[in-house]
Amino acid sequence: MTTQNPGLFIAFEGGDGAGKSTQAAELFRALESRGLKVLRTREPGGTPIGEKLRSLVLDHGHGHIDAHTEALIFAASRAAHAGQVIRPALDRGEIVLTDRYIDSSVAYQGAGRDLGTDAVRTINEWATSGLQPDLTVLLDVDPAVGRRRRTAGDTGEDRLESEADEFHTKIRTAFLDLAAARPEKYLVLAAHLPVEELAARILERVESLLSLSGRVNA
Ligand code: TYD
């Protein structure tokens with residue numbers, strides 16, 4: 001139902017440990033079981049070059065990466081992802097679910113790294129030729145809870161995750177500000193709700209978008 005193409009583009013956003021991947025997987029299963037064609041993808045990554053850029057920017061051991069370089073690497077990865085994966089799938093009429101998109105850069109690099117949210121938005125709109133989600137699901141997580149959840153598996157934190165709680169608090173505020181500025185494009189949910197309840201509320205919102213676009217009966 002996007003204005004740009006026949007598909008439906010949904011982004012999952014939120015702080016680290018919010019449970020985005022779990023919810024993206026739940027929605028993927030629910031939509032596929034209705035016979036819909038769904039593509040699930042993630043950022044940074046989603047293409048071979050994007051996966052290389054992902055490890056450059058997230059793995060420890062590449063020395064200091066300054067904030068501008070970091071923002072441009074995320075934007076470069078996103079340019080490939082939007083142009084090579086997301087837009088073609090939307091043009092084929094598919095539903096695309098992405099784990100993170102432009103809002104992550106606006107929140108992490110724009111607010112977290114203090115590069116400025118407008119500047120970061122501008123480079124990313126250029127990188128993606130203006131491709132915007134039809135809906136962004138924001139899973140709002142308390143940074144302390146997010147840290148507990150992601151360290152519980154003991155897989156180690158990446159470069160961004162291991163930043164101080166103050167950094168993650170700025171990110172949380174930035175995400176909420178983005179949602180408040182365009183509420184019709186967001187579904188904001190408290191990440192601490194039970195997984196099944198979150199999944200049901202996300203599916204309900206997506207089904208209403210699909211019925212508006214005439215893909216499924218309400
Ligand atoms: P992700 O793989 O989503 O981590 P997780 O699934 O553990 O939440 O994202 C990796 C990290 O990259 C995460 O800390 C957020 C950060 N990130 C940015 O700083 N800017 C961006 O534009 C993106 C896409 C991610």
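# A walk from helix H2 to helix H7

Select Pro48 and Lys52 of helix H2 to begin; both are exposed, on the side of H2 away from its buried residues. The model on your screen is predicted.

**Stop 1: the buried face of H2**

Now colour Gly50, Leu53, Val57 and Leu58, the buried residues of H2. Turn the view until you look down the helix axis. Do these buried residues line one face or fall all around the helix? They fall within an arc of 115°, so they line one face of H2. The helix repeat explains the spacing to look for. An α-helix has 3.6 residues a turn, so residues three or four places apart point the same way.

Next, show helix H3, residues 67-91. H3 is part of what covers the buried residues of H2.

**Stop 2: the loop before H2**

Step back along the chain to the loop between strand E2 (38-42) and helix H2 (48-58). Select Thr47, which sits in this loop. Is Thr47 buried or exposed? Its relative accessibility is 5%, and buried means under 20%, so Thr47 counts as buried.

Show what surrounds Thr47. Beyond its neighbours within four places in sequence, Thr47 contacts Ala80, His81, Gln84 and Val85. Pick the C-alpha atoms of Thr47 and Val85. They are 7.4 Å apart, while the two residues are 38 apart along the chain.

Stay in the E2 to H2 loop and select Pro44, which is also placed there. Check the peptide bond between Glu43 and Pro44. It is cis, with omega about -15°.

**Stop 3: the way into H4**

Move on to the loop between strand E3 (95-99) and H4. Arg100 is found here. Look at its backbone. Phi of Arg100 is near 80°, a positive value in a residue that is not glycine. Arg100 has a relative accessible area of 11%, so it is buried.

Go on to Ile102, in helix H4. At 1% relative accessibility, Ile102 counts as buried. Which residues does Ile102 touch, leaving out those up to four places away in sequence? They are Glu13, Arg78, Arg121, Asn124, Thr128 and Leu131. Now pick Glu184 as well. Ile102 and Glu184 are 82 residues apart in sequence, and their C-alpha atoms are 17 Å apart in space.

**Stop 4: H4 against H5**

Show H4 together with helix H5, residues 117-127. Their axes come within 8 Å and cross at roughly 140°. H4 passes H5 in a right-handed crossing. Select the contact from both sides. H4 supplies Ile102, Asp103, Ser105, Val106, Gln109, Gly110 and Ala111. H5 supplies Thr117, Val120, Arg121 and Asn124. Colour these by type. The contact of H4 with H5 has 4 nonpolar, 5 polar and 2 charged residues.

Before leaving, select Asp114 in the loop between H4 and H5. Asp114 has a positive phi of about 60°, although it is not a glycine. Is Asp114 buried or exposed? At 58% relative accessibility, Asp114 counts as exposed.

**Stop 5: H4 against H7**

Hide H5 and show H4 (residues 102-112) with helix H7 (residues 165-181). The two helices pack at an angle of about 130°, with their axes 9 Å apart. H4 and H7 are therefore oblique to each other. H4 passes H7 in a right-handed crossing.

Which residues make this contact? On H4, select Asp103, Ser104, Val106, Ala107, Tyr108, Ala111 and Gly112. On H7, select Phe167, Lys170, Ile171, Ala174, Phe175 and Leu178. Colour by type again. The contact of H4 with H7 divides into 9 nonpolar, 2 polar and 2 charged residues.

Terms used
Residues numbered from 1 in each chain as written. Predicted model: local features only at pLDDT ≥ 70, side-chain atom pairs only at ≥ 80, totals over all residues. Heavy atoms only, no water. Axes fitted to C-alpha atoms, helices over the stretch in contact; angles between N-to-C directions. Helix = DSSP H or I, 4+ residues; strand = E, 2+ residues; numbered from the N terminus. Parallel < 35°, antiparallel > 145°, perpendicular 65-115°, else oblique. Left-handed = near helix turned anticlockwise from the far one by under 90°. Contact = heavy atoms within 4.5 Å. Nonpolar A, V, L, I, M, F, W, Y, C, P; charged D, E, K, R; others polar. Buried < 20%, exposed > 50% of the residue type's maximum accessible area, 1.4 Å probe, protein only. Arc of directions from axis to C-beta.
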